[in-house]
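Trainee: Please take one part of this model and look at it closely. Then show how the rest of the chain is arranged around that choice.

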Amino acid sequence: MSGMSRPEMPGREESLVAAPGLLAAITAVAVVLTAVVFALVGQRGTLASIQRLDEAWLRLMISGRALPLTVIAKIFNLLGLVYVTLPVRIAIAGFLALRRRWWQLAAFAAAIVLSEILIGLLKGIYGRARPPDSLVATSGASFPSGHAVAASVTAVAAVIALVPAGRWRAWWAMAAVAFSILMGLSRAYPGAHWLSDAVAGIFLGTSCALLTALVVGEIQRRQLKRRHRQPAVGQYPVDAAPADHTGGRREPP
């Protein structure tokens, strides 16, 4: 009815995931690769072969060490410290909260929390010793690389949360993966981690970001579907229009 004011409609919510099928396929590949790497390192027989490859890679890194590469590795080492990653994560979360992008914030925060839980848990389970004579300070177990996990989950989750779905997100996602790979290599180069530690960390961080985005995106889609099925305030379904004073049915307002 023209005399009845319509309630203010909320702004259109930006979908976290535009192509859930594609994301599900990419996530499945990432999770499977992650599981394979962790399973291979967890088996004594395959670990011996992996250890030989890791030691060969470390010898190659030592033989090719140069001052510029060492400086770059140490810069990446600083970028992966909690004193840098924590403020960056807080800044991203704060920005999303100020913009009221709650679904993006939920996906980003869930990815970070999940990765942090898994880092401590898996390091305790595997208890792998680090390479000797690292060029940077290290502590704790070696597998998986915490720097690689933190870099990959933060970069990939940030792209998903901050960049709208589309071509630009794809480009930024490739940049995030490239940054993660560089972080992993920067851990293997100075001997802070074995190469397999870095590979596992990259896969694990990426999987956490993709998996949480997939789950939160599915929850968002289901909630939006339920909201669209519900009639707006002040409106009635056609088959439930109120009767007028004559006992007949009148048109919904």
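**A close look at Tyr126**

Mentor: Tyr126 is partly exposed, with a relative accessible area of 25%. The model is predicted, and what follows should be read as a description of that model. A search of the whole structure turns up 4 aromatic pairs. One of these joins Phe38 and Tyr126 in an edge-to-face arrangement, with 5.8 Å between the ring centres and 70° between the planes. Phe38 belongs to helix H1 (residues 20–42) and Tyr126 to helix H5 (residues 102–126), so the pair ties together parts that are 88 residues apart in sequence. The angle supports the label, because planes over 60 degrees apart count as edge-to-face. The partner ring, Phe38, is buried, at a relative accessible area of 9%. For the two labels the dividing value is 20%: Phe38 is buried because its 9% falls under 20%, whereas Tyr126 at 25% is partly exposed.

A further ring belongs to this group: Phe38, Tyr126 and Phe143 make up one aromatic cluster. Phe143 also takes part in a backbone feature, since a cis peptide bond joins Phe143 and Pro144, with omega about -5°. Pro144 sits in the loop between H5 and H6.

That loop holds other features worth following. Asp133 lies in the loop between H5 and H6, and its phi is near 60°, a positive value in a residue other than glycine. Asp133 counts as exposed, at 70% relative accessibility. A comparable backbone value occurs at Arg100, where phi is near 55°, again positive in a residue other than glycine. Arg100 is found in the loop between H4 and H5 and is exposed, with 63% relative accessibility.

Charged contacts come next. The structure holds 5 salt bridges. In one of them the side chains of Asp54 and Arg128 meet, at 2.8 Å from N to O. This pair links distant parts of the chain, with Asp54 in helix H2 (residues 44–63) and Arg128 in the loop between H5 and H6, 74 residues apart. Both Asp54 and Arg128 are buried. The contact is part of something wider, as Asp54, Arg128 and Asp197 are linked in a network of salt bridges.

H5 itself takes part in another pair: Glu116 forms a salt bridge with Arg89, and their closest N and O atoms are 3.0 Å apart. Glu116 lies in helix H5 and Arg89 in helix H4, so this contact ties together parts that are 27 residues apart in sequence. Glu116 counts as partly exposed at 40% relative accessibility, while Arg89 is buried at 11%. A local contact stands beside these: the side chains of Glu218 and Arg222 meet in a salt bridge of 2.9 Å, N to O. The two residues are 4 apart in helix H8, so about one helical turn separates Glu218 from Arg222. Glu218 is partly exposed at 29%, and Arg222 is exposed at 52%.

H1, the helix of Phe38, also contains Pro20. Pro20 counts as partly exposed, with 27% relative accessibility. The C-alpha atoms of Pro20 and Gly217 are separated by 7.8 Å, although the residues are 197 apart along the chain. H1 appears once more in the pocket. The largest pocket has a volume of about 710 Å³. Its lining consists of 26 residues, and Leu23, Ile26, Ile160, Ala173 and Leu210 lie nearest its centre. The elements giving two or more residues to this lining are H1, helix H6 (146–162), helix H7 (167–188) and helix H8 (195–229).

On the outside there is a nonpolar surface patch of about 1000 Å², whose residues include Leu67, Val71, Tyr83, Val88 and Phe179. Helix H3 (67–79) and helix H4 (82–98) are the elements that give two or more residues to the patch, and H4 gives the most, with 6. Tyr83 lies in H4 and is exposed, at a relative accessible area of 69%.

As for the overall frame, the protein has 8 helices and 0 strands. Buried residues account for 38% of its 253 residues. Phe38 is one of the buried residues, and its ring is paired with that of Tyr126.

How values were computed:
Residues numbered from 1 in each chain as written. Predicted model: local features only at pLDDT ≥ 70, side-chain atom pairs only at ≥ 80, totals over all residues. Heavy atoms only, no water. Phe/Tyr/Trp six-rings, centres within 6.5 Å; stacked < 30°, edge-to-face > 60°. Buried < 20%, exposed > 50% of the residue type's maximum accessible area, 1.4 Å probe, protein only. Patch = residues over 30% accessible without salt bridge, like charges linked within 9 Å, V, L, I, M, F, W, Y side chains within 5 Å. Areas by Shrake-Rupley, 256 points an atom, 1.4 Å probe, with all protein chains shown as cover. Salt bridge = Lys/Arg side-chain N within 4 Å of Asp/Glu carboxyl O. 1 Å grid on protein atoms, 1.4 Å probe; cavity = no way out; pocket = protein on both sides within 12 Å on 5 of 7 lines; lining within 4 Å. Points joined across faces, edges and corners; volume = space filled by probe spheres on them.
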